Amino acid sequence: MHALLVIDVQNDFCDGGALAVPEGSSIVAGINAIMGQFDAVILTQDWHPAGHSSFASSHAGKSPFDVTDMPYGSQVLWPDHCVIGTDGAALHPLLESDRADMIIRKGFNPAIDSYSAFFENDHKTPTGLEGYLRTRGISDLTVVGLALDFCVNYSAVDAARLGFKVSVKTDLCRSINLNGSLAQAHSEMSSAGVTLD
Ligand code: VGL
Ligand code: ZN
């Protein structure tokens with residue numbers, strides 16, 4: 001069984017959003033077009049409470065894109081984005097979300113960010129996605145979405161480490177590219193055994 005995992009195709013990561021990924025909206029039609037090729041379609045939604053610890057606005061004297069130390073490691077501080085219940089947190093209106101079997105939300109713990117669809121950024125707290133995939137007999141994943149160098153990378157690397165056969169379709173991803181994050185993501189994914197195509 002082969003699933004399509006669509007990461008964070010939400011208004012705030014698309015054109016005009018609070019943390020807009022350049023050309024983020026441009027991948028939506030291509031994602032819709034391949035959904036029918038998979039046994040299952042799973043979407044993720046970045047889903048933060050107001051005042052989340054990954055927001056620069058929650059840290060006195062910090063600006064968006066600064067890096068800070070958190071108990072679980074270093075953390076990029078972001079503009080406020082994907083706040084639970086807001087239009088920015090909604091899936092892109094043209095993404096055919098009715099075709100999803102499952103929508104998984106992540107990042108709702110106020111104290112821990114969660115780039116990966118599998119684990120929060122402490123690399124320990126599971127989201128439950130692994131169990132969902134295994135109990136449905138899914139062994140292969142194709143990952144697309146936003147942003148390639150953050151949530152797509154973390155999700156693909158975790159999936160490969162968990163033993164799934166993972167491929168990232170980079171033409172259906174877009175990246176933030178912050179301080180070399182894209183090159184680093186490529187090398188992390190390759191080392192983890194993720195196929196990039
Ligand atoms: C993401 C930064 C903060 C992503 C989510 O979806 O890549 N990036 N939250
Ligand atoms: Zn986020």
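The largest cavity in this predicted model is lined by 16 residues, and those nearest its centre are Phe13, Leu19, Tyr115, Phe150 and Cys151. Its volume comes to about 110 Å³. Sorted by class, the lining consists of 10 nonpolar, 3 polar and 3 charged residues. A newcomer to the structure has just one such space to find, since the count of cavities of 30 Å³ or more is 1. In general, empty space is revealed by rolling a probe the size of a water molecule over the atoms.

What takes up the space of the largest cavity? Ligand 1 does. Around ligand 1 stand Asp8, Phe13, Leu19, Asp46, Trp78, His81, Leu146, Ala147, Phe150 and Cys151. This shell is made up of 7 nonpolar residues, 1 polar residue and 2 charged ones. Some of these names will already be familiar: Phe13, Leu19, Phe150 and Cys151 belong to the shell and are also listed among the residues nearest the centre of the cavity.

Polar contacts with the ligand involve both side chains and backbone. Asp8 places a polar side-chain atom 2.6 Å from an oxygen atom of ligand 1. For Asp46, a polar side-chain atom is found 3.1 Å from a nitrogen atom of the ligand. Leu146 takes part through its backbone, with an N or O atom 3.3 Å from an oxygen atom of ligand 1. On its own the ligand would expose 260 Å², and the protein buries 100% of that area.

Leu146 also deserves a look for its backbone geometry. The peptide bond that leads from Leu146 to Ala147 is cis, and its omega is near -20 degrees. Both residues are part of the shell around ligand 1. Ala147 sits in the loop that runs between strand E6 (140-146) and H3. A further backbone feature appears at Phe65, which is not a glycine and yet has a positive phi of about 80 degrees. Phe65 is located in the loop between strand E2 (40-46) and strand E3 (67-70).

Attention can now turn to the largest pocket, whose volume is about 490 Å³. Of its 22 lining residues, Tyr115, Phe150, Tyr154, Gln184 and Glu188 are the closest to the centre. Strand E4 (73-76), helix H3 (148-161) and helix H4 (181-191) each give two or more residues to this lining. Which element supplies the largest share of the lining? That is H3, with 7 residues. The pocket lining as a whole divides into 9 nonpolar, 9 polar and 4 charged residues.

Two residues link the descriptions of the two spaces. Tyr115 and Phe150 are named among those closest to the centre of the largest pocket, and both are also named among those nearest the centre of the largest cavity. Phe150 is, in addition, one of the residues around ligand 1.

Methods
Residues are numbered from 1 along each chain as its sequence is written. Chains are lettered from A and ligands numbered from 1 in the order in which they are written. This is a predicted model: local features need pLDDT of at least 70, side-chain atom pairs count only at pLDDT 80 or more; totals for chains, interfaces and linings use all residues. Side-chain values use heavy atoms; hydrogens and water are left out. A residue is near a molecule or strand if one of its heavy atoms lies within 4 Å of it. A polar contact is a pair of N or O atoms within 3.5 Å; within protein, one must be able to donate a hydrogen and the other to accept it, and residues adjacent in sequence count only if both atoms are side-chain atoms. Accessible areas come from the Shrake-Rupley method with a 1.4 Å probe; for residues, only the protein chains shown count as cover. On a 1 Å grid over the protein atoms alone, a cavity is a set of points where a 1.4 Å probe fits but cannot get out, and a pocket is an open set with protein on both sides within 12 Å along at least five of seven lines; lining residues have an atom within 4 Å of a point. A molecule sits in a cavity or pocket if more than half of its atoms lie within 2 Å of its grid points. Ala, Val, Leu, Ile, Met, Phe, Trp, Tyr, Cys and Pro count as nonpolar, Asp, Glu, Lys and Arg as charged, and the others, Gly among them, as polar. Grid points are joined across faces, edges and corners, and a volume is the space filled by probe spheres set on the points. Helices (H or I, at least four residues) and strands (E, at least two) are DSSP runs, numbered from the N terminus.
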